[in-house]
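Welcome! Here is a short tour of a protein model, written for someone who is new to reading structures. Have a look at the picture, then follow the points below.

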Amino acid sequence: MIVYPLWHVGHQNEAGDDGSTVHVDESGVFCDEADGDDVKLLGIYSTQERVEERVRQARLLPGFRDEPECFYFDACELDEDDWTEGFVRVPPGE
C-alpha cells in the first residue's frame, strides 16, 4: 500500500549566502532543525491527488500563504522494510 505523508517545514534558518532563508537545495526541501527549522507532520493521505488538494487548501490560509516551498510530500510504501542491513540485536549482558 502506498501512502503520502504531508509535512510542513517552518523555515527559520539563515543558511543562505547573504543570510537569507534557504527553502530548497539540490536534494529537495532543505531543513536544519539545529538552525531552528520546525518540521510537522500534517497528515497522511491515500493518493497524491488528495495531498495536492490539501496543499492547495492550506495555501489559502494565513500563515501559509506567503511561505514558498513550505510543504513536502512523497510516496511511502507501508509494510516495507526500510532498514534491512546493519541491525544487530545484542542480548542483555553481552
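A residue counts as buried when its relative accessible area is under 20%, as exposed when that value is over 50%, and as partly exposed in between. Keep those words in mind, and remember that this model is predicted. By that yardstick, 22% of the 94 residues of the chain are buried.

**The overall layout**

- The chain holds 1 helix and 6 strands.
- If you walk along the sequence, you meet them in the pattern β-β-β-β-α-β-β.
- Among the contacts in the chain with a separation of 6 or more, 66% are made by residues 24 or more positions apart.
- The chain has an accessible surface of about 7300 Å², and carbon and sulfur atoms own 48% of that surface.

**The two sides of helix H1**

- Which residues of helix H1 are buried? In this helix, which covers residues 48–58, they are Val 51, Val 55 and Ala 58.
- These buried residues lie on the same side of H1, because they cover an arc of only 65 degrees around the axis.
- What do the buried residues of H1 pack against? Their partners are strand S1 (2–10), strand S4 (38–45) and strand S5 (71–73).
- Turn to the other side of H1 and you find Glu 49 and Arg 50, which are exposed.

**A nonpolar patch on the surface**

- Trp 7, Val 39, Leu 41, Ile 44 and Tyr 72 together make a nonpolar surface patch of about 430 Å².
- Which strand gives the most to the nonpolar patch? Strand S4 does, with 3 residues.
- Val 39, a member of the patch, is found in strand S4.
- With a relative accessible area of 30%, Val 39 is partly exposed.
- Strand S4 thus comes up twice in this tour: the buried residues of H1 pack against S4, and S4 gives the most to the nonpolar patch.

**Cysteines and disulfides**

- A disulfide is a covalent bond that joins the sulfur atoms of two cysteines.
- How many disulfides does a search of the whole structure find? The count is 0.
- Is Cys 70 buried or exposed? Cys 70 is buried, with a relative accessible area of 1%.
- Cys 76, in turn, is partly exposed, and its relative accessible area is 31%.

Note on methods. Residues are numbered from 1 along each chain as its sequence is written. This is a predicted model: local features need pLDDT of at least 70, side-chain atom pairs count only at pLDDT 80 or more; totals for chains, interfaces and linings use all residues. Side-chain values use heavy atoms; hydrogens and water are left out. Buried means under 20% relative accessible area, exposed over 50%, partly exposed in between (1.4 Å probe, protein chains only). Helices (H or I, at least four residues) and strands (E, at least two) are DSSP runs, numbered from the N terminus. The arc is that of the directions from the helix axis to the C-beta atoms. Contact means heavy atoms within 4.5 Å. Patches are made of residues with over 30% relative accessible area and no salt bridge: like charges are joined within 9 Å, nonpolar side chains (Val, Leu, Ile, Met, Phe, Trp, Tyr) within 5 Å. Accessible areas come from the Shrake-Rupley method with a 1.4 Å probe; for residues, only the protein chains shown count as cover. A salt bridge is a side-chain nitrogen of Lys or Arg within 4 Å of a carboxyl oxygen of Asp or Glu. A disulfide is a pair of cysteine sulfur atoms within 2.5 Å.
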